[in-house]
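Here are some exercises to work through with the model open beside you. Try each task before you read its solution.

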Amino acid sequence: QNAYYKVYIPVNAPSLEKTSNAIFEFLSANNIKHISKIGKNIRNDDIVVRLYNEEDVYKLQNFINTNETIKQGLNSPNPFMLSDGNVSIEVDGLKTSYNTVITNYISMYIENCIQTNNYNVNSEDFIKFVGNVFNEIYYGNASEYFSYFESKMLLCYQDTVENPKKGDNND
């Protein structure tokens, strides 16, 4: 199985056809091999382009982030994914997918609630918690949070590699 770089492009509904055409024309004109899909529901991964190499990722990223027509038709990228400009990026095998990252945040939140005897678990409190983690990572003691994430990533890796579920496609 090949490892791909996945580029997630969040497009608003009125721009989906125009934006997808521009992206696929760019990929074709530059002989960039890809496997792509367009979602039928508008969300943060409306267009997913799987690329074979990092150089092609940079080319596509630059095209999207500098094309004013495309930029006008984009929604904000997913805040829980590695993003650059208007696109989010994931590399197969690195466990940086939305599902993995959000699962780690939820796990951290629940563990924090248990440790602090906070049984008022709700979405508003979760959002505040994620904001605090974000601020701590970027403005405080990041090593503590990265160590926690690394341990969670290892558990996810072990579950996926050592105990794979049938039909698990890592999306």
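Buried means under 20% relative accessible area, exposed over 50%, and partly exposed in between (1.4 Å probe, protein chains only). The model is predicted, so local features need pLDDT of at least 70 and side-chain atom pairs count only at pLDDT 80 or more, while totals for chains, interfaces and linings use all residues. Residues are numbered from 1 along each chain as its sequence is written, and side-chain values use heavy atoms, with hydrogens and water left out.

**Exercise 1.** Find the aromatic pair of Tyr-109 and Phe-126, and work out its geometry and its place in the fold.

*Solution.*
Step 1: rings of Phe, Tyr and Trp (its six-membered ring) pair if their centres lie within 6.5 Å; planes under 30 degrees apart are stacked, over 60 edge-to-face, and the rest tilted.
Step 2: the structure has 3 aromatic pairs. In the one made by Tyr-109 and Phe-126, the centres are 5.4 Å apart and the planes meet at 75°, an edge-to-face arrangement.
Step 3: Tyr-109 belongs to helix 4 and Phe-126 to helix 5 (residues 123–139), so the pair ties together parts 17 residues apart in sequence. Helices are DSSP runs (H or I) of at least four residues, numbered from the N terminus.
Step 4: Tyr-109 is buried, at 4% relative accessible area, and Phe-126 is buried too, at 15%.
Step 5: add Phe-129, and you have one aromatic cluster with Tyr-109 and Phe-126.

**Exercise 2.** Locate the salt bridges, and say how many there are.

*Solution.*
Step 1: look for a side-chain nitrogen of Lys or Arg within 4 Å of a carboxyl oxygen of Asp or Glu. The count is 2.
Step 2: Glu-55 and Lys-59 meet at 3.4 Å, N to O. Both sit in helix 2 (residues 54–66), 4 residues apart, about one turn. Glu-55 is exposed at 53%, whereas Lys-59 is partly exposed at 32%.
Step 3: Lys-71 bridges to Glu-68, with the closest N and O atoms 3.1 Å apart. These two are 3 residues apart in helix 3 (residues 68–72), so about one helical turn separates them.

**Exercise 3.** Which residues form the nonpolar patch on the surface?

*Solution.*
Step 1: patch residues have over 30% relative accessible area and no salt bridge; like charges are joined within 9 Å, nonpolar side chains (Val, Leu, Ile, Met, Phe, Trp, Tyr) within 5 Å.
Step 2: Ile-106, Ile-110 and Ile-114 form the patch, with about 260 Å² of accessible area together (Shrake-Rupley method, 1.4 Å probe; for residues, only the protein chains shown count as cover).
Step 3: Ile-110, in helix 4 (residues 98–115), is partly exposed at 42%.
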